[in-house]
Amino acid sequence: MRLFFLIFILYSISGFSQELPPVINFDPNDYGGGNQNWMISQGENDNFYFANGAGLLEYDGERFQLYPVPNNSIVRSVINFDGRVYTGAYMEAGYWVKDDFGVLCYKSIIEKFPNGVLDGELFWDIKTLEGLIIFRSFSGIYFYDPEKDKVLELNIPENKPVSGLFKLKDELYFQLVGGGLYEIKKGRPQLIIPYKSLGDLTIKHIYGASSNLKFVTENSGFFSWKEGVLLEINRELSQKIDYTNIFAAIAIPGEGMILGTVGKGILQIDETGKIVHNFNQENVLLNNTVLSLYNDKMGNIWAGLDYGISMINSRSDITSFNDVKGKIGSVYASHVQNGNLYLGTNQGLYFKEKESDDLLLIPGTNGQVWNINYIDGLLFCSHDTGTFLINGNKAEKISDRLGTWFVKKLSEDTYVQGHYYGFSFIKNVNGKLIASPLVKGFPHSSRYIEKESDSVLWVNNEHKGVFRVKYNVNANKIEKLENFKFSDSIWATSGMFQFVDTLYYSTQTKIYQFNKTKNKFSDDNRLNELVSGLDKISGKMINENNEKLWGFANNQIFQLKPSNITGDYELEFFNIEQSFRNIAEGYENITPINEDEYLIGIANGYLRMKDTPKKEKNFEIRITEIQFSALDEKPKRAVLGIDKKLKTKENNISLYFSTPVYDKYSKALYSYRLKGLSSKWSSWDHSSQVNFKNLRFGQYSFEVKAKIGDKITSVTSYNFSIDPPFYFSTLAIIGYFLLFFLILIIVHFVNRQHHRKIVIRNERTLKLKNLEAEKQIINLKNEKLEQDMANKNRELAVSTMSLIKKNEFLTSIKEKLKDSEDSSKVRSVIKTIDKDISDEDNWKFFKKAFSNADKDFFKKVKEKHPELTSNDLKLCAYLRLNLSSKEIAPLLNISVKSIEIKRYRLRKKMNLDRNTNLTDYILAI
């Protein structure tokens, strides 16, 4: 017993191993303000306001914005009422109202205080009652009437500082330092608990009823005031928390109380005085000193810390154990038996007894635990070093194999184990478990095994897909192997399962169903159709007794279960993002531990989740800020809710939007589109702002929607337009039309001139062409004339030469006949020859031919030398033909000498000097 106790001390996690509701922390770097947050309030628009060390801090669910007060002092108090946010600070009090741009603008009411404020006065608290805003400082209590815009000061009795202001339903109380507790009735203080009864107790919170007031004091004392008697209550609780200092407290109707301590974090107390939760810096908070507490509309608890802000989803269906110190590691498997919890982690198998907060590492199980399987009253632990049988907080190794993935029942006395390198059997022989050697012929990792028959198993391997294995359990060997491969299978992210007597293989992208008839896997099935649109992180699917099928997506865990009504499947979502689970992909796990309650293993502990009917929540998305600017200029804000007309250069716009979702595991996702730029919606994303740069001119409509879990909000829109540049403005367009018409006129005129020039040029060209044609015609005519002339000249030359030859022939005959001239007949012949040579017909023939060749010659010669005779003209004609005297003589039937004489006489008639050649002169005429 002593040894067990020592082992327990050695392996247990000391202190509280609490399962806490979800907590969200914001440090000063997150919200951009001071460390301390003194008071908290929620507005009608569900925004939160924090009295921060650097000013008023506003949070819309997505963004924090800091508004310093005019004197830049610490804001100590804040409250939202009727559309205004009232704050109290160092020597400053007033309210904030949003302008048209969504910006909080401050209005001071200090000048309304009837007696002003004291030097150094701080307003530590603000309450509302009957439409009045009540400010409390150490120096006094002030009532501000928003309708009359006036401030009244309460007459404080005993002339002592005010240590606290409390509101209980419609009653207002205050306590004095070193004085009693008073109630304000009809504008006057009325003593409720005198100082002699109250003593030096400093009240921090009042609850109960006016007939039986209960309150919590600064040193965590609980008291009741009834019928003039002060009694201490819940003393056991005070002792348990060691009378720690209380700085803030709030009551939760029907649930108990929340205490904010100095140094011990937040204590959640139920109505019986039992500590339900202790939130502190060791397990979840940023700081152990709590300056303020607030219970919002959704039941969340907000805590203003000495360093940062924390929010507790106290009504969440999810609680968590966060192993912030890494003492147990990542949880890969879990099981609850008789109220005792077993956790299989990457560090070993842990055990927690019912009603205990301590986790015990079971000796001998150090190392990676993959599965915990409860079969036939036996609890198996599948471990990196083999298989253990668990009994209470003890472990017995029953199979010493390298790596066991799981244990599964095959028959009444046989179990199968999947190992890193194959699979093996465990047999129950007379109540004793005996492990068999590895089955021969199958050296592959066997992460999942499903039974088809007593001799056929389906085995899933991370790399090779699915094997259909026909085996002989008695011979411990493989008889037949059939391998089915999948192209989208990725290492450990694939899985295999049976659901409703059907075998499935699941990858990150698809679910394949085995078709026995076709002997193949197909993605054409209802399960695949239902989950095809989900962003699954792996193919791991968990069958819960054929009643529910669990899967894991990036933004949620999903559940499929057969419908008893439609025969189809019902799909339900649980909003826990992968970033909060963060277990290795393919090793996701969820285990039923109670009725409708599940344990989910995560990377640093576990989550406990209730599968209960979800309350429908209606969320709205809103556009919180719009900025526009020209390139590289300081942005300006646009009025919210009103269409904006932007200048040409102001074509860079930023839009901020939010959905007031204050839930750790249900973060809003946003999708948007800018109609006018694109009609396509963006992919879902956590980003709550979008920037559009260098937009073209035109009309735009920005639309945005949010998704929380599987619920999508209605669309919110904002319309704006960007003016066209000046060169596209109405005036410019009118100018363009006028310029266009002017250009048309100019073009018309220029065209007209151009056409006129073209016509003139064409006419000139035509004339030139005509002239050219005429010239060509003339040339052709001249050529023809020349040709005719040449022909006639040839004819003339031929005829002249013929005539010369004939005359020469006749002359030669005549000369020969002269030798016989005595004969009368010869003389007769000679006469005939002379007559033929000098025949006028010969001349006529020659003249006609000569005139055809040179018809104007005789006219020209006659004009120049009218005194010439016909014989002279004959000689001129022959000379024109450039005939020699010898050639002319036969033509005139005279001697050559006579021709020379005729030439001489002709020269004289023509008055030619000695140097002028007669023939040349005649040729030149």
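A cavity here is a set of points on a 1 Å grid over the protein atoms alone where a 1.4 Å probe fits but cannot get out, and its lining residues have an atom within 4 Å of a point. Points join across faces, edges and corners, and a volume is the space filled by probe spheres set on them.

Before you click: this is a predicted model, with local features needing pLDDT of at least 70 and side-chain atom pairs pLDDT 80 or more, while totals for chains, interfaces and linings use all residues. Numbering runs from 1 along each chain as its sequence is written, and side-chain values use heavy atoms, without hydrogens or water.

The whole structure holds two cavities of 30 Å³ or more. Start with the second largest, about 30 Å³: select Ile24, Phe26, Tyr59, Gly61, Met311, Val661, Tyr662, Asp663 and Lys667. That lining splits into six nonpolar, one polar and two charged (nonpolar: Ala, Val, Leu, Ile, Met, Phe, Trp, Tyr, Cys, Pro; charged: Asp, Glu, Lys, Arg; polar: the others, Gly among them).

Keep Lys667 selected, as it also lines the largest cavity, which has about 60 Å³. Add Asn555, Gln556, Asn575, Glu577, Tyr665, Ser666, Leu669, Lys707, Ile708 and Gly709. Here you get three nonpolar, five polar and three charged residues.

Next, jump to helix H12, residues 885-892 (a DSSP run of H or I, at least four residues, numbered from the N terminus). Six of its eight residues are buried (under 20% relative accessible area, 1.4 Å probe, protein chains only), so the rest of the structure largely encloses H12. Color Ser885, Ile888, Ala889, Pro890, Leu891 and Leu892 to see the buried ones. Last stop: Asn893, which follows H12 and has a positive phi, near 60 degrees.

Key
1 Å grid on protein atoms, 1.4 Å probe; cavity = no way out; pocket = protein on both sides within 12 Å on 5 of 7 lines; lining within 4 Å. Buried < 20%, exposed > 50% of the residue type's maximum accessible area, 1.4 Å probe, protein only. Helix = DSSP H or I, 4+ residues; strand = E, 2+ residues; numbered from the N terminus.
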